[in-house]
Amino acid sequence: MRRLLPWDYGVRNLFRRPSRSALTLGGLSIVILLVLVVVGFIRGLEASLAATGQLNVVLVYAMSSGADIENSAIPGRTPALLAASVAGVRSQFGEKFISPELYLGTRISVNDQEGLGLVRGVTTAAPLVRQQVQIIEGTWPGPGEVLAGRLVHSKLGCDEAALQPGQTIRFDGRDWKISGVFAAGGAAFESEVWCPLNDLQSALKRQDLSLVAVTMDSADAAADVDLFCRERIDLELKSVGEMAYYADLQKHYRPVRMLGWIVVCLVAGSGVFAGLNTMYGAVVGRIRELATLQAIGYRRRAILLTLIQEATLLACCGALIACLLGLLFVNGTAVRFTMGAFMLRVDSVGIAIACITAVILGIVGALPPAAKAMRLPVVEAIKAI
């Protein structure tokens, strides 16, 4: 007899031992959910850095600061010089898209909690350059007020309600009233506090800037900004495209991403060993049944495929449960990180990896115990208890 066992035979076997099947399903779901969380972390970090940059935005900052904008200090007259000297700067209604900014990390107190936060001093030109920024609650900040990103609470480790419009925070020796909350399409800006540039300069007793962000008419016009920085050697400036800047940041976080993928492999490997243990227990209890199938004419290959079918079906059900839990409870969860905060992202890539992991767990977990059971002689297997 060369035919395969009926498809529903493997399905019905899963319900013959509901307790064992439920425990195996729960274990597989947890393993796949852990894989999904780690992949969501990696995808969220990549998406946050990718969403922050714009192709036609150029950042101008101090040559001596290296790649760290927080350590940059450039003259306060730089925005006016750029506006007067560089052609190709985008403008609308006579307003040029040039945003002078002061950027720093500082201790921020919220109620009785204190944490390290990111503050950016901006002017009303900032929304022209940072076009992904949208105020979702409240208004643009006035004197003595700040605008909080929607992920600032995660960065500071405080309650989200403490950063709603009307609340007060404290940094650099001053109290600041929150005027509104903004979102930035998943960009890194969402973990920052924005306040009027003049107020922040007064609080810090500084007249310089950290950087100037310039929006050009096209990506090719960015070369004009670079030429200006090279010609004005007295200012000691350098320019870099915003996309290139955040792409360089991704290189710095490459070891973190590699570590994440290693964790995915380790979690999946532990799941395979757990599956092996479970399948060994399941197959040992069915040796007489498998031998009887051989005695009535089914080939070992057909029985082996049925065992793999059962394990794969169980693993795929675990993947469905894990993906559902991931979309409900993991996707969009804020995570604190050195650069600020970002949200875990359960997308099509993460779901595909979870499903592939489930198939691997099912096949690899079922093969060794099934093959071992098939090697027993039929007569000995029928006598087994």
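Q: Before we look at Leu204, what does contact mean here?
A: Contact means that heavy atoms lie within 4.5 Å, and please keep in mind that this is a predicted model.

Q: Okay, so which residues does Leu204 touch?
A: Setting aside residues up to four places away in sequence, Leu204 touches Leu102, Leu104 and Asp172.

Q: Where is Leu204 found?
A: Leu204 is found in helix α6, which covers residues 197-204, and with a relative accessible area of 21% Leu204 is partly exposed, because buried would require a value under 20%.

Q: And how far is Leu204 from Gly173?
A: Leu204 and Gly173 are 31 residues apart in sequence, while in space their C-alpha atoms are 9.2 Å apart.

Q: What about Lys205, is that one buried or exposed?
A: Lys205 is exposed, with a relative accessible area of 73%, and its place is in the loop between α6 and β11. The phi of Lys205 is near 55 degrees, which is a positive value in a residue other than glycine.

Q: Which loop is Glu236 in, and what is its phi?
A: Glu236 is found in the loop between α7 and β12, and Glu236 has a positive phi of about 55 degrees although it is not a glycine.

Q: Switching to α12, how does its span compare with what its residues should give?
A: Helix α12 has 27 residues, 348-374, which should span 39 Å at 1.5 Å a residue, and since its end C-alpha atoms are 38 Å apart, the two values agree.

Q: Where is the kink in α12?
A: There is a kink of about 30 degrees at Leu367 in α12, and this lies shortly before the proline Pro368.

Q: Which residues of α12 are buried?
A: The buried residues of α12 include Gly350, Ala354, Thr357, Ala358, Leu361, Gly362, Gly365 and Ala366, and further along Pro369, Ala370, Ala373 and Met374 are among them too.

Q: Why would residues three or four places apart point the same way?
A: An α-helix has 3.6 residues a turn, so residues three or four places apart point the same way.

Q: How do α11 and α12 pack?
A: The axes of α11 and α12 are 7 Å apart and the two helices pack at an angle of about 150 degrees. Angles over 145 degrees count as roughly antiparallel, so that is how α11 and α12 are described relative to each other. Their contact involves many residues, including Ala311, Ala315 and Ala319 of α11 and Ala354, Ala358 and Gly362 of α12. The crossing in which α11 passes α12 is right-handed.

Q: What span does α11 reach?
A: From its first C-alpha to its last, α11 reaches 43 Å with its 31 residues, close to the 45 Å expected at 1.5 Å a residue. Just after α11, Gly332 takes a positive phi of about 90 degrees.

Q: And at what angle does α10 cross α11?
A: The axes of α10, residues 287-295, and α11, residues 300-330, come within 9 Å and cross at roughly 140 degrees, which makes α10 oblique to α11. The residues in contact are Leu290, Leu293 and Gln294 of α10 with Arg300, Ile303 and Leu307 of α11.

Q: Last one: is Ser154 buried or exposed?
A: Ser154, whose place is in helix α5, counts as buried because its relative accessibility is 12%. Leaving aside neighbours within four places in sequence, Ser154 is in contact with Ala334, Val335, Arg336 and Ala341.

Terms used
Residues numbered from 1 in each chain as written. Predicted model: local features only at pLDDT ≥ 70, side-chain atom pairs only at ≥ 80, totals over all residues. Heavy atoms only, no water. Helix = DSSP H or I, 4+ residues; strand = E, 2+ residues; numbered from the N terminus. Expected span 1.5 Å × (residues − 1). Bend = angle between axes of the 7 residues up to and from the residue. Buried < 20%, exposed > 50% of the residue type's maximum accessible area, 1.4 Å probe, protein only. Axes fitted to C-alpha atoms, helices over the stretch in contact; angles between N-to-C directions. Parallel < 35°, antiparallel > 145°, perpendicular 65-115°, else oblique. Left-handed = near helix turned anticlockwise from the far one by under 90°.
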